[in-house]
Amino acid sequence: MLHVNAIAVGDLATNCYVLTDTETRNAAVIDPGAPDDRLVTALKGYKLTDILLTHAHFDHIGGVGLLADIFTPQIWIHELEAAWLNDPERNLSAWVSPLAHVTAPPATVIIKEHRTYTLLGRDLYVKHTPGHTPGHLVYYIEDKAFVGDLIFCGSVGRTDFPDGDHQTLLRSIKAEILSLPKQTPLYPGHGPATTVDTEKTHNPFMQQMDTL
Ligand SMILES: [Zn+2]
Ligand SMILES: [Zn+2]
C-alpha cells in the first residue's frame with residue numbers, strides 16, 4: 001500500500017502529498033507548492049519518480065524546481081496549463097506579488113485526455129476537472145482522490161480568477177467526484193482531508209448541483 005504524507009507548504013498552506021512505496025522505495029509527490037526542506041526530508045531513502053500537478057497556480061508548483069534538481073522526476077500536467085509553469089501572469093504569482101515570480105521546470109508528461117496511466121506500479125486514473133482552472137486534474141489511485149483546488153472540506157475552489165468558471169467547476173464535481181464510491185477519501189489542495197459522503201451531506205455548494 002502507498003503511504004500518504006501531507007505537508008502544508010508556503011504562504012497559502014498548500015497541501016503537498018508525498019506518496020511512498022515502502023517496498024520499491026519509489027515515491028511520487030503531488031503539488032509541491034513551495035521549496036520546503038521538509039519535502040526533501042520526507043523523501044529521504046526514496047527515489048522520487050514523478051511529480052503530479054493538479055494545476056499550475058503558483059502555490060502548487062513553487063517547489064517543483066527544488067525537487068527536480070535533486071531527483072530528475074517526470075513532471076505531469078494538463079496540456080492547457082503546461083505553458084503556465086513558466087508564465088507568472090497565468091500562474092498568478094505576478095498577480096499576488098510582482099517581486100516574487102514563481103516558475104517551474106517544463107513538464108514531461110502532458111495530459112491530453114481522461115484515461116488510466118501507471119504510477120508507482122499501480123493504476124492511476126487521471127480526471128480532467130475544469131472550473132478552478134481550465135486544465136485542472138484530479139488524480140485517483142488506490143481508492144483515494146487527490147482533488148487539488150476543485151473541492152475542499154465544506155467548500156469549493158475559487159473561480160473569480162481570469163480563467164475560472166463556477167458552473168464548469170460544479171459540473172466537474174458532479175461528474176468526477178460525486179460519482180466516486182461514497183467512502184472515498186478526498187485529499188484537497190488546502191485544509192483537511194474529507195470524504196465524498198461527508199461533502200455530499202455537509203458541503204453547502206451541493207444545493208447548487210440541483211440546478212445543473
Ligand atoms: Zn489554485
Ligand atoms: Zn491552491
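**Close-up 1. Strand S5 and its partner S4.** Here is a spot where two strands meet: tryptophan 76 in S5 is the bridge partner of leucine 52. Keep in mind that this is a predicted model. A second pair to look for is aspartate 50, which stands opposite glutamine 74 in S5. Overall, S4 and strand S5 (residues 74–78) run in the parallel sense, with 3 bridges between them. How many of the 5 residues of S5 are buried? The count is 4, so the rest of the structure largely encloses this strand.

**Close-up 2. On to strand S6.** S5 also pairs with strand S6 (residues 109–111), again in the parallel sense and over 3 bridges. To find your way, look for isoleucine 77, which sits opposite isoleucine 110 in S6.

**Close-up 3. From S3 over a helix to S4.** Strand S3 (residues 26–30) and strand S4 (residues 47–52) pair in the parallel sense over 5 bridges. To get from S3 to S4, the chain passes through helix H1 (residues 37–42), and this β-α-β crossover is right-handed. Two residue pairs help you line the strands up: alanine 27 stands opposite leucine 48 in S4, and alanine 28 has aspartate 50 in S4 as its bridge partner.

**Close-up 4. The whole sheet.** Step back a little and you get an open sheet of 6 strands, in the order S1-S2-S3-S4-S5-S6, with mixed pairing. Which strands stand at the edges? They are strand S1 (2–9) and S6; each has a single partner strand, so one side of each has no neighbour in the sheet. On average, neighbouring strands of this sheet are turned by 20 degrees against each other, direction ignored. Helix H3 (residues 64–71) packs on the sheet, where it touches S3, S4 and S5. The direction of H3 makes about 145 degrees with that of S4.

**Close-up 5. One side of helix H5.** Pick out Leu169, Leu170, Ser172, Ile173 and Glu176: these are buried residues in helix H5 (residues 166–176). Why do they sit on the same side of H5? They cover an arc of only 160 degrees around the axis, and that puts them on the same side of the helix. What do the buried residues of H5 pack against? Their neighbours are four strands and a helix: S8 (122–128), S9 (137–141), S11 (151–152), S12 (155–156) and helix H7 (206–209).

**Close-up 6. Tyrosine 125 in strand S8.** This view stays with strand S8, where tyrosine 125 lies. Is tyrosine 125 buried or partly exposed? With 16 other C-beta atoms within 10 Å, it counts as partly exposed. Leaving out residues up to four places away in sequence, tyrosine 125 touches Thr116 and Tyr140. Look for alanine 145 too: it is 20 residues from tyrosine 125 in sequence, and the two are 9.3 Å apart in space, C-alpha to C-alpha.

**Close-up 7. Inside the largest nonpolar core.** This core has 51 residues, and Val29 and Val147 are those with the most contacts inside it. Zoom in on valine 147 and you'll find it touching Val138, Ile177, Leu186, Tyr187 and Pro188, not counting residues up to four places away in sequence.

Notes. Residues numbered from 1 in each chain as written. Chains lettered and ligands numbered in written order. Predicted model: local features only at pLDDT ≥ 70, side-chain atom pairs only at ≥ 80, totals over all residues. Buried ≥ 20, exposed ≤ 12 C-beta atoms within 10 Å, placed from the backbone. Arc of directions from axis to C-beta. Contact = placed C-beta atoms within 7 Å. Core = buried A, V, L, I, M, F, W, Y, C linked by C-beta atoms within 7 Å. Pairing = 2+ DSSP bridges. Right-handed = clockwise from strand over helix to strand, strands pointing away. Axes fitted to C-alpha atoms, helices over the stretch in contact; angles between N-to-C directions.
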